Structures are given as C-alpha cells and as structure tokens.
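Biologist: Before we begin, could you take me through this structure slowly, setting each value against the rule that gives it its name?

Modeller: Gladly; let us look at the structure together and reason step by step.

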Amino acid sequence: MQNAMRRTLGVTGATAVAIGATLALAGAADAHTPTFATGCLDNGQAVLSVDLKYYTQPKKNGQPNTITVSYTPNGGSAKVVLPVTDFNTTLSIPTTTSPDPLAVDGTTAGTYSITITAWDDANGQNSVAKVGPDKAWDGTWTKTTTVCPQSTQTTQPTQTTQPTIPPTQPPTTTTAPPVQTTTSQPAVAAAAPGSTPPGGLAYTGVSAELPLIIGGALIVIGAGALFGMRLLSKRRRTQD
C-alpha cells in the first residue's frame, strides 16, 4: 500500500516538474518579442524600424543583449548602419527625439540585415537558424526594401545676384567760357544845357572853339571896316 502510494506520488511529481519546465520554457520564448518593418520616408529615403520588447534583463556584470544592423543596396556593398549596441529589456529605433539612424538611399532597393544576441540564449536554441524568423528572438533576420518615391520638385540652386555697379564715369568737367575783361572808360555824362562845367563857360552843346574863331574874324573884319571908313572920311575932308 505504502509502496503504491510512493510510486503514485513519484509519477505525479515528475509530471509536475515536466509540465513546469515546459511552461517555463514557453514563457521565456514568448516573452522576447522582436518586431521589424521597412518603409519609405517623405524625403525619399528607405528606412528600417526596430521594436524589441520583453527581453530578459542582463545580469550585473554579465553578458548584455546586443543588436547590430547593416544594409546592402542591390548591386552594391554592405555597410553598417548601426554598430553593435547594447540594450536591456526594450529597444525602439527610431526614437522620437533623434534622427533615424537607419535611413538609407531609397533610389534603389536593398536588404537590411539585423543581428540580435540574447544573453539568455547562449546555445542558440531560440535563434533564427534553429526555429525560423517568426519564432526566434535572437540570430539574424533580413528585411528587404523597395525603391521609394522621389520628390518631383527639383530644387534649383540659389543664385546670388550681385548688384550691378555702373561703370565709373570720369568726373564731368564743365569748362566755363572765358571771361572777357572789358576795360570800360568812365562814361562822360553830357552836361545839361545851361549848366556850367567847373572852370569854363556854360556848355551850349556847340564846341566853344568855333564861336571864338568867328568872333575873332568879326573883330578883324570890323576893325578893317572901321579903318577903311576913317581913311575914306579923311580923304573927303582933304578934297574939300
């Protein structure tokens, strides 16, 4: 009786442990939630968004959770767009307070490669290679992009127009006509009739020399006539 009870308890305990371990593993696998999506920005760039949730908090001084992202354009070479970055339980890219570090040229299609290392899956039991990209929470995922619509508006380069400076004209020299110096003799004002110039006779408008000549001639003629009349009178007296 006791042996049978012991066997029953042993089987029940083993079953409970198995069930508990299964639930624990299932819970651990379900807790890690990686989400990725590609799209286009308004400026014509392609972009990858990353959202990691419910990862296990790394142990103090232990191995961290890490992520790194590279991008390969079709026909081009791969380049790292996000170097190895540590995170705790969550990570969201891009953030609302910083430019998107995962934006790339959208004029051609390409492929993002996202690699996550979870510290609590050191053996890779939950990796992409082991369980596939839909169930994995570490390993390497790939996400392709398409050609993004580009703006049809062409930005013309801004031309700075220098102000037109008129050519320097030589200073205009205005030559003044030569000033003719005219020496004007002081005008002799005609003496008004009846006025007597200083020191002379009254000016009548006729030269004073002519009357003097005429007067002198009359005197001579008068004197000659007087002399002749006296001589004739004397002769008549003698004859009588």
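Biologist: Where does Tyr54 lie?

Modeller: This is a predicted model, and in it Tyr54 lies in the loop between S2 and S3.

Biologist: What makes Tyr54 count as exposed?

Modeller: The relative accessible area of Tyr54 is 54%, and exposed means over 50%, so Tyr54 is called exposed. The backbone of Tyr54 also has a phi near 60 degrees, a positive value in a residue other than glycine.

Biologist: And what is phi in Asn61?

Modeller: In Asn61, phi is near 65 degrees, which is again a positive value in a residue other than glycine. Asn61 is found in the loop between S2 and S3, and because its relative accessible area is 79%, set against a cut-off of over 50%, Asn61 is exposed.

Biologist: How many helices and strands does the protein chain have?

Modeller: The chain has three helices and seven strands, and read from the N terminus the elements follow the order α-β-β-β-β-β-β-α-β-α.

Biologist: How do you know that S1 and S2 pair, and in which sense do they run?

Modeller: Pairing asks for at least two bridges between the strands, and S1 and S2 have eight bridges in the antiparallel sense, so the two strands count as a pair. One of the bridges sets Thr38 opposite its partner Leu48 in S2. S1 and S2 form a hairpin with five residues between them, and Gly44 in the turn has a positive phi of about 90 degrees.

Biologist: How many bridges join S2 to S5?

Modeller: Three bridges join these antiparallel strands, and since pairing needs at least two, S2 and S5 also count as a pair. Asp51 has Ser92 in S5 as its bridge partner. In the loop between S5 and S6 we find Pro94, and the peptide bond that leads from Ile93 to Pro94 is cis, with omega near 0 degrees.

Biologist: Why is the link of Cys40 and Cys148 called a disulfide?

Modeller: The two sulfur atoms are 2.1 Å apart, and the rule asks for a pair of cysteine sulfur atoms within 2.5 Å, so the link qualifies as a disulfide. The structure holds one disulfide, and with -80 degrees about the S-S bond this link is left-handed. Cys40 lies in strand S1 and Cys148 in the loop between strand S7 and helix H3, so the disulfide ties together parts that are 108 residues apart in sequence.

Biologist: Are Cys40 and Cys148 buried or exposed?

Modeller: Cys148 has a relative accessible area of 3%, which is under 20%, so Cys148 is buried. Cys40 stands at 37%, between the cut-offs of 20% and 50%, and therefore counts as partly exposed.

Biologist: What makes Thr145 count as buried?

Modeller: Its relative accessibility is 8%, and buried means under 20%, so Thr145 counts as buried. Thr145 lies in the loop between S7 and H3, and, leaving aside neighbours within four places in sequence, its contacts include Thr38, Ala46, Tyr71 and Tyr112.

Biologist: How do you know that Asp121 has no salt bridge?

Modeller: The nearest side chain of opposite charge, Lys130, is 9.7 Å away, whereas a salt bridge has to be within 4 Å, so Asp121 is buried yet has no salt bridge. Asp121 lies in the loop between S6 and helix H2, and, not counting residues up to four places away in sequence, it touches Asn126, Ser127, Trp137 and Asp138.

Biologist: Which residues have the most contacts inside the largest nonpolar core?

Modeller: They are Leu52, Ile67, Val69, Ile114 and Ile116, in a core of 25 residues. The elements that give two or more residues to this core are strands S2, S3, S4, S5 and S6, and S2 gives the most, with four residues. Beyond its neighbours within four places in sequence, Leu52 is in contact with residues including Phe36, Ile67, Phe87, Leu91 and Ile116.

Biologist: How many of the residues of the whole protein chain count as buried?

Modeller: Of its 240 residues, 18% count as buried.

Conventions. Residues numbered from 1 in each chain as written. Predicted model: local features only at pLDDT ≥ 70, side-chain atom pairs only at ≥ 80, totals over all residues. Heavy atoms only, no water. Buried < 20%, exposed > 50% of the residue type's maximum accessible area, 1.4 Å probe, protein only. Core = buried A, V, L, I, M, F, W, Y, C linked by side-chain atoms within 4.5 Å. Contact = heavy atoms within 4.5 Å. Lys, Arg positive; Asp, Glu negative; His and termini not counted.
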